[in-house]
Amino acid sequence: MSDIKKVAVVGGGTMGNGIAHVFAISGFQVKLVETSRELADKALNTIGKNLTRMVTKEKISEKDKEEALLRIQPELNLTEAVKDVDLVVEAVPEHFKLKKKIFAEIDEHAPEHTILATNTSSISITKLAAVTDRSNRFIGMHFFNPVPVMKLVEVIRGLDTGDEVIQAIIEISEKLGKVPVQANDSPGFVSNRVLMPMINEAIYCVYEGVAEPKAVDDVMKLGMAHPMGPLRLADFVGLDVCLDVLNVLYDGFKDPKYRPCPLLVKMVDAGKLGDKTGEGFFKYD
Ligand code: CAA
């Protein structure tokens, strides 16, 4: 199914602009859908900066960068954006109602052959697919932050996802220079089912006074060779996202082992969400 040429990425935030970046640098025509001119410009600006970073590191040439930027067409109208694409990758905030509304519109206006993929980090693929009339052409395509750097794409099969759709997403992930790994639809898939309890446990260490945030992170960096400690990573992912995912695990399994640490809840209530607000477990400029 190497006939995927045109892609729409819906949402230009941290994940969406990274996803648009990797498609464009790999030669795909990309429509980047945002809700306002300002947000579209902000996404393009971030992509430009991250491409420049790759030029500086001599991973790509200045010409590669310019060509990649030309392949990205910003779009404010979702209906228009999806009407002639082969693949849609949705990367809007993690709210079921928002994704439901967006997928209903995409399903109505995208061609019949178009594959619909979601970058959700925890919402059920099967439940999202059921919003559309093409649950066999619906799939989870979960990228990792920073998208241009992280090799993994978690490919998640919903209840009805067709084998040929799985195969197409595996092939396209490889064309992006990524390593696709398959998982079945289950709360948190594999990535967040393993990652989030670790982050939660690190937060409990702080909450219970076992160690200061820096000490918790140093243990995991120096003792377990993690590139970032779990608390630095929680700030990087966003404490609100961590809480949302833990709640999905807690609700999905009805198992108290996934209970979000009260300190995490308190920090989210206080608006201390990590990098994006300048403060989480650590402070940022
Ligand atoms: N775009 C392009 N390149 C980037 C980049 C970006 N946004 N961010 C970093 N890079 C590149 C740098 O240019 C650098 O390249 P070289 O190796 O050629 O020098 C390389 O990545 C490393 O960057 P830095 O030297 O600036 O910093 P670092 O060595 O501290 O690495 C990091 C930064 C890659 C983020 C590293 O700390 C890391 O791997 N952290 C863990 C990230 C992680 O676990 N992500 C998954 C989060 S979970 C998720 O996303 C999904 C979910 O569902 C919640």
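**Salt bridges, aromatic pairs and backbone oddities**

Asp-84 and Lys-31 form a salt bridge, with their closest N and O atoms 2.8 Å apart. This pair links distant parts of the chain, 53 residues apart: Asp-84 sits in the loop between α4 (78–82) and β4 (87–90), while Lys-31 belongs to strand β2 (residues 29–33). The model is a predicted one, and everything described here is computed from it. The two partners differ in how much of them is covered. Asp-84 has a relative accessible area of 32%, so it is partly exposed, whereas Lys-31 comes in at 13% and is buried, because the cut-off for that class is under 20%. The bridge does not stand by itself either, as Lys-6, Lys-31 and Asp-84 are linked in a network of salt bridges.

In total, the count comes to 16 salt bridges. As background, side chains of opposite charge can pair when their charged atoms come close. Another of the bridges joins Arg-134 to Asp-107, and here the closest N and O atoms are 2.6 Å apart. Arg-134 lies in the loop between α6 (125–129) and β6, and Asp-107 lies in helix α5, so the bridge ties together parts that are 27 residues apart in sequence. Both Arg-134 and Asp-107 are buried. Then there is the bridge between Glu-279 and Lys-272, with 3.4 Å between the closest N and O atoms. Glu-279 is partly exposed, at a relative accessible area of 24%, and Lys-272 counts as partly exposed too, at 31%.

Some charged side chains show up in a patch instead. Arg-53, Lys-57, Lys-59 and Lys-151 form a positive patch on the surface. Of these residues, Lys-151 is found in the loop between β6 (138–142) and β7 (152–157). Its relative accessible area is 53%, and Lys-151 is therefore exposed, the cut-off being over 50%.

On to the aromatic side chains. Searching the whole structure turns up four aromatic pairs. One of them is Phe-23 with Phe-28, an edge-to-face pair with 5.4 Å from centre to centre and 85° between the planes. Phe-23 and Phe-28 are both buried. Phe-103 and Phe-138 make another pair: their ring centres are 4.8 Å apart and their planes lie at 65°, so this pair is edge-to-face as well. Phe-103 is in helix α5 (residues 96–109) and Phe-138 is in strand β6, so the pair ties together parts that are 35 residues apart in sequence. Phe-103 is buried, with a relative accessible area of 0%, and Phe-138 also counts as buried at 0%. Helix α5 thus turns up in two of these contacts, with Phe-103 in the aromatic pair and Asp-107 in the salt bridge to Arg-134.

A couple of C-alpha distances show other parts of the chain coming together in space. Ile-203 has its place in helix α8 (residues 191–207) and is buried, at 0% relative accessibility. Its C-alpha atom is separated by 9.2 Å from that of Pro-260, which is 57 residues away along the chain. Thr-277, in the segment after α12 (262–269), is partly exposed with a relative accessible area of 40%. Thr-277 and Asp-235 are 42 residues apart in sequence, yet their C-alpha atoms are 9.4 Å apart in space.

Finally, the backbone has a few spots worth a look. Most residues other than glycine have a negative phi, and most peptide bonds are trans. The peptide bond from Asn-145 to Pro-146, however, is cis, with omega near 0°. Pro-146 is found in the loop between β6 and β7, and Lys-151 of the positive patch is found in that loop too. Glu-58 is not a glycine but still has a positive phi, of about 60°. It is placed in the loop between α2 (37–56) and α3 (62–71), and with 72% relative accessibility Glu-58 counts as exposed. Phe-189 likewise has a positive phi, near 55°, without being a glycine. Phe-189 lies in the loop between β8 (179–184) and α8, and at a relative accessible area of 3% it is buried. So the two positive-phi residues sit in contrasting surroundings, Glu-58 being exposed and Phe-189 buried.

Key. Residues are numbered from 1 along each chain as its sequence is written. This is a predicted model: local features need pLDDT of at least 70, side-chain atom pairs count only at pLDDT 80 or more; totals for chains, interfaces and linings use all residues. Side-chain values use heavy atoms; hydrogens and water are left out. Patches are made of residues with over 30% relative accessible area and no salt bridge: like charges are joined within 9 Å, nonpolar side chains (Val, Leu, Ile, Met, Phe, Trp, Tyr) within 5 Å. Accessible areas come from the Shrake-Rupley method with a 1.4 Å probe; for residues, only the protein chains shown count as cover. A salt bridge is a side-chain nitrogen of Lys or Arg within 4 Å of a carboxyl oxygen of Asp or Glu. Lys and Arg count as positive and Asp and Glu as negative; His and the chain ends are not counted. The place of a charge is taken as NZ of Lys, CZ of Arg, CG of Asp or CD of Glu. Helices (H or I, at least four residues) and strands (E, at least two) are DSSP runs, numbered from the N terminus. Buried means under 20% relative accessible area, exposed over 50%, partly exposed in between (1.4 Å probe, protein chains only). Rings of Phe, Tyr and Trp (its six-membered ring) pair if their centres lie within 6.5 Å; planes under 30 degrees apart count as stacked, over 60 as edge-to-face and the rest as tilted.
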